[in-house]
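Biologist: Could you walk me through how the helices pack here, and the reasoning behind the words you use for it?
Modeller: Gladly, let's have a look together.

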Amino acid sequence: MAAVPASHPVVVLGAGWAGLTAALTLARAGIAVHLIEAAATGGGRARSLNRDGAELDNGQHVLVGACHATLEQLRSVGTDPERAFAALPFGLRMHAPGRPHPAFGLEPRSPRLPALASGLWQSLAGTPLHRRLPALLGAASILHRPLDEDLDVLEWLQTRHQPDTLIRQLWEPLCLAVMNTPIRSASARIFQNVLRLALNHGPDDARLLIPTRPLGSLYPEPALRELRERGATVEIGRRIVAIESGGTEARYQLRDRNHRVTHANAVILATAPSAAARLLPEAPELQPHHRALVAMGERSICTVYLRYPGPILERPPLQGLIDQHGQWLIPRRVAGEPHWLAVVISTSDDLPAMTAEERWRRVAEELERTFPELGIPQTGHVVCERRATIDARVDLDALRPVAGTPWPGLFLAGDYVTPGLPSTLEAAVRSGLESAHKLLETLP
């Protein structure tokens, strides 16, 4: 590689939460940053959009208190998490169509073992005692005995003596929410790590955090504003199609679809794995990274937004749904849109194909059977992220690429880089911090 002229900036490709975090970290360290995003707005897979005059999001996100890196990054751009989220103590109520009472419930309380055990014990009330005790001990081992080898979540739960009813009504919906991967293939090691991070460190880490404002206003917008204030170059709506060795002028050159070239001292590639695989140069020494990126796979998530004639004020902030098209119901009143409900559909690519209208009408009908007081909505919208997450399957961690590449100054960032976590905002933010810090170590 040629010597690097100091005048060329570090280019960060992608203004999702990983790319924004990397760019901010570099800019705050005094590095010249050039941020390039192909989409019309920043935020990546956690951004805001407008539908029928309502400020919604491209997907309904729920954080937990254990997302320390994310919450600290929000504070760094002036977002107060205590105001930006509705914080709920850990608890779950799962509802099925045609049943007047929850099919399963863990009351909001401390998630530490005694309280969790009490909730599980009550939930297993109809189970014979000789099966109840092993199930309870197995649930305790889920939180307190790290796995030696990875296996799928379903097999893991069965080896921990979890009854089929408890798997269907508690563990499977939780796995879909956390992993966006079916329990028959999801990594038990990653799932357990997330549960232990959230549930083994006190009630604050276990809190469920529901945004009270559109996602764009929480982080992407203030992050972009700070970058511009610090003198960074920000280009939104420009699609880079190739990263090449820069020859004698700079270490790298990036070419967009209009053949315009940007020279770079270093590059952080903060896109989805499939896009990163297309952009990563086809050099022999980069082939292991190419194979790892392809191995990440991808899974979709759909969010159905339903608008009702009157404001919906009585629904709890979060309710689980079982035996339905969607898995989680979140009223949007906490985000200032009281007429709207959001229903999250994980692993939506595994469901039968249907039009957007067919999907939201089906969700609305199932909700009416579950909560008759809701009635029929006026309209609905479906937002599907086809590449919402990686496929968090067994032994995924062994396949992940690392942030650094054999090419000096070329790094990867994204939720898929962070071991031990599925595709989450926390994983994205951590990866942005890691890639930026590794890059800073290489700069004069």
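Biologist: Why are helix 7 and helix 8 called roughly perpendicular?
Modeller: This is a predicted model. In it, the axes of helix 7 (residues 164-179) and helix 8 (residues 188-199) cross at roughly 90° and come within 11 Å. Angles of 65 to 115 degrees count as roughly perpendicular, so helix 7 and helix 8 are given that name.

Biologist: Which residues make that contact, and how do they divide into nonpolar, polar and charged?
Modeller: Helix 7 brings Trp171, Leu174, Cys175, Val178 and Met179, while helix 8 brings Ile190, Phe191, Val194 and Leu195. The division is 9 nonpolar, no polar and no charged.

Biologist: What makes helix 2 roughly perpendicular to helix 15?
Modeller: Helix 2 (residues 68-76) packs on helix 15 (residues 425-442) at about 70°, with the axes 8 Å apart. The window is 65 to 115 degrees, and therefore helix 2 counts as roughly perpendicular to helix 15. The crossing of helix 2 past helix 15 is left-handed.

Biologist: Which residues meet there, and how do they divide?
Modeller: His68, Ala69, Thr70 and Gln73 of helix 2 touch Leu425, Glu426, Val429, Arg430 and Leu433 of helix 15. That contact of helix 2 with helix 15 has 4 nonpolar, 3 polar and 2 charged residues.

Biologist: Which members of the largest nonpolar core touch the most others?
Modeller: Among its 64 residues, they are Leu13, Val153, Trp156, Trp171 and Phe191. Helix 7 supplies the largest share of this core, 7 residues.

Key: Residues numbered from 1 in each chain as written. Predicted model: local features only at pLDDT ≥ 70, side-chain atom pairs only at ≥ 80, totals over all residues. Heavy atoms only, no water. Axes fitted to C-alpha atoms, helices over the stretch in contact; angles between N-to-C directions. Helix = DSSP H or I, 4+ residues; strand = E, 2+ residues; numbered from the N terminus. Parallel < 35°, antiparallel > 145°, perpendicular 65-115°, else oblique. Contact = heavy atoms within 4.5 Å. Nonpolar A, V, L, I, M, F, W, Y, C, P; charged D, E, K, R; others polar. Core = buried A, V, L, I, M, F, W, Y, C linked by side-chain atoms within 4.5 Å. Buried < 20%, exposed > 50% of the residue type's maximum accessible area, 1.4 Å probe, protein only. Left-handed = near helix turned anticlockwise from the far one by under 90°.
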